[in-house]
Amino acid sequence: MSRYSTYGRLDNRIEKEGDVGFVGFNNRLRPDQLQSGLLADAQNIRIDRNGQAQVRKGIDLITNPLVAGSSALILPFYLVANDTSVTVNRNNSGEVVITNVNAANFSTNGTVNITDVTGLNPVVNGDRPFTKNSDTQITISDQSYSGTAGGTATVKFGIINNDAVESIYGSCSFSDPNSAGSQYIIFASNGKAIAINIETLVSTDIVYPTGFNISEEASMIQAFNKVFIFRNGKEALEWNGSFSGTPAFTKVQSGTYSQPALLTTPSSGFSIANNIATVDLGSTAHNLLEGDIIKILSSSNSTLTEGDTFVVATIVDANEFKFFVTADNLSAASNITPRFSRSASVGMGFTHMPAPPFAVYHQRRLFMPFNFTVDSGLANQGTFTSRGILDEVIGSRVLDTNTYDQFASQFRFNAGTSDFVVGMHSFTDDSLIVFNRNSIHLIQNTTSLGSSSNKLLTDEIGCVARESIEQVGNRILFLSDNGVYGTEFLDEYNLRGTQIPLSEPINSTIERINKNAKSKSVSVYFDNRYYLAVPLDTSSKNNAILIYNFLNNQWESIDSVKSTNFNISNMFVVGEGDSRGIYIINDLGGIFRLDARNDDKDTIVSQIGGAQENIIIPASITTRQYTVKSLDRKKWRDFDFHVQSSDVNVSDFDIVVETENPDSSDVLGKLSDYNTPKETEEISTDGKLDIGEDVSIRGRIGNRRGYGIQFTINNTIGRPMIRAIEVEGSTAMRSTDKAI
């Protein structure tokens, strides 16, 4: 092709500009400021290290185990009578009288749904108000009816079902440490919890205590082979992780804590053999854990002297334990009846779990916000009082989820300031990072809480969403008011925060996050990517996923589903082998896998127990603005796209061109319009790009004028890969007149 459009004294040289691959997108800068390889926008796109920008794989519905309607009312109505028993007549007053109806559960009046009745004017079919005459008869008198009733009448009545599933209030992943193939997702509904085996898709109900329901947001974690459900200011639930029998959650122990008491060994309850001392307290419970320290208070034998301390080595049962002794303590005369003391609090005494909103597992302990005191009350049914303190955390004893020292394991941050704990993260080298709303703190040496310390990392930024916290190597990412920030260990001892948000290149999207709902944001790290689900624009639920690609060190895509009813409550990385991936939970009870389908469809449900829907993936890319590195106005002539179809789908897409100064926007056509068949190429006759085929399409832009030009590709069929884009233009309009 000629490098010049004319050959005279004022030649206009044809210039070319384009991208031979892509690394990510940036919507903070102007499109004409972007460097080569950056897109101005990417929706539902994956960008490989080789620079190919491809439509993402579809979201797949794994299971939808909930079968109730979207509320506690059974929809539309409950069948109480049909044509085999019901009798419909019209009385002299023009009322419709229905007999042989099972109306025992009916209220005095209400609404029934009637179908298939003929012969009456006006038609009685539909939702009609009724009056209950007896347990077998109701009357419809909303208007005057005429005629003789006939047909095959069906009567339905709305009944409140307290066991129906209303929503999902919490979820977590679970794995049985004794079974390599057990990967579960457990979620808590209002009336029960349900565990889904990711490998087999078998669901198991885990019941709540009798009369117990959840009606507010809850947090769930697995720790100590148990699963906990936390509810702010209310007793927590725990499940022992066993699927045998009837799995059930129970309330954690609550009420007044029984502080450590003396343990007196009964006659013949103490023995020593092979340097192992065995203590059998008979009917007295020791309430000890392995690793606890016990102290000898008195003994009838001088070989165990007052003040000696020992470490509990083995818990035999609730009444018997063992510890190791030295050679100096080997006397085991039958008259030895020592008295022991369990470990005591170093402060204000022990307390049970203080009704936290959430907890994290760190160094064999549970750490949680210390917002409530545990008041006196029945075991497993305590009462709680707000402490009026929201910037304090407390840790449990080692391997004991229900004992908390109110002094030694208590940490407060920024006392007296307007701050509160948002989240925590267990980091390397015995470091627990505490994210407050307006600051970040570090607790170290939690192995020995009496000598642990905490320090302020920064009070310039804080965290807005607990579930946005993710560790990636030596970095911890989280969502703040200013976007996604990161902290990292610069050396072995110094943890510092980054000065510029990681999300600075997509600040236009960050500003769209709904400030009233951003605390619900959730995240995972998988396949060298950070996935952050956020509520964009006016949505009160997470409706989009922002993806950062660590291989390309760029933001890769904004993922979304073309349905206003699809949202993301939580995300997990679970599964083994081919089933391992990112699983999405929404409050409608569905479990979905991201990037699981090879076609261009998302498979979702839009209501609890609803039917499966297949929705096209709304994918698109917008290029940077090509200017051929000149401020002059140009005459844009040709474009060249290198495209390949996926291995399982044919492909097609729309091509939109936009120029700036002068401004214009037009649809150039489809891929299929430019993909004309040739005898030497295996291309479908309708122009769509066949499975696995690649092509270079070239087309005329029509000499559109403008300072810069950019393209938007909107996918319509398949999952095409865009490999390279090039545009040709020449300087035009050298006049000093302004461009409009």
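This passage looks at an open sheet and at the surroundings of R529 in a predicted model.

A good place to begin is the sheet. Four strands make up this open sheet, arranged in the order β37-β38-β39-β40, and their pairing is antiparallel. In general, strands of a sheet pair through backbone hydrogen bonds, and they may do so in a parallel or an antiparallel way. At the edges stand β37 (421-427) and β40 (453-458); each has a single partner strand, so one side of each is left without a neighbour in the sheet. From one strand to the next, the twist averages 25°.

The pairing of β39 with β40 can be followed down to individual residues. Strand β39 covers residues 440-444 and is joined to β40 by 5 bridges, with the two strands running antiparallel. Within this part of the sheet, L442 is found opposite K455, a residue of β40.

Attention now turns to R529, which lies in strand β46, a strand spanning residues 529-534. The relative accessible area of R529 is 11%, and R529 therefore counts as buried, since the cut-off for that class is under 20%. Two polar contacts of its side chain can be described. One is made with the side chain of D527, at 2.9 Å, and another with the side chain of E556, at 2.5 Å. E556 also appears among the residues that R529 touches when those up to four places away in sequence are not counted. That set further includes R46 and I47, together with V524, I547, Y548, N549 and F550.

Conventions. Residues are numbered from 1 along each chain as its sequence is written. This is a predicted model: local features need pLDDT of at least 70, side-chain atom pairs count only at pLDDT 80 or more; totals for chains, interfaces and linings use all residues. Side-chain values use heavy atoms; hydrogens and water are left out. Buried means under 20% relative accessible area, exposed over 50%, partly exposed in between (1.4 Å probe, protein chains only). A polar contact is a pair of N or O atoms within 3.5 Å; within protein, one must be able to donate a hydrogen and the other to accept it, and residues adjacent in sequence count only if both atoms are side-chain atoms. Contact means heavy atoms within 4.5 Å. Two strands pair if DSSP finds at least two bridges between them. Axes are lines fitted to C-alpha atoms, for helices over the stretch in contact, and angles run from 0 to 180 degrees between N-to-C directions.
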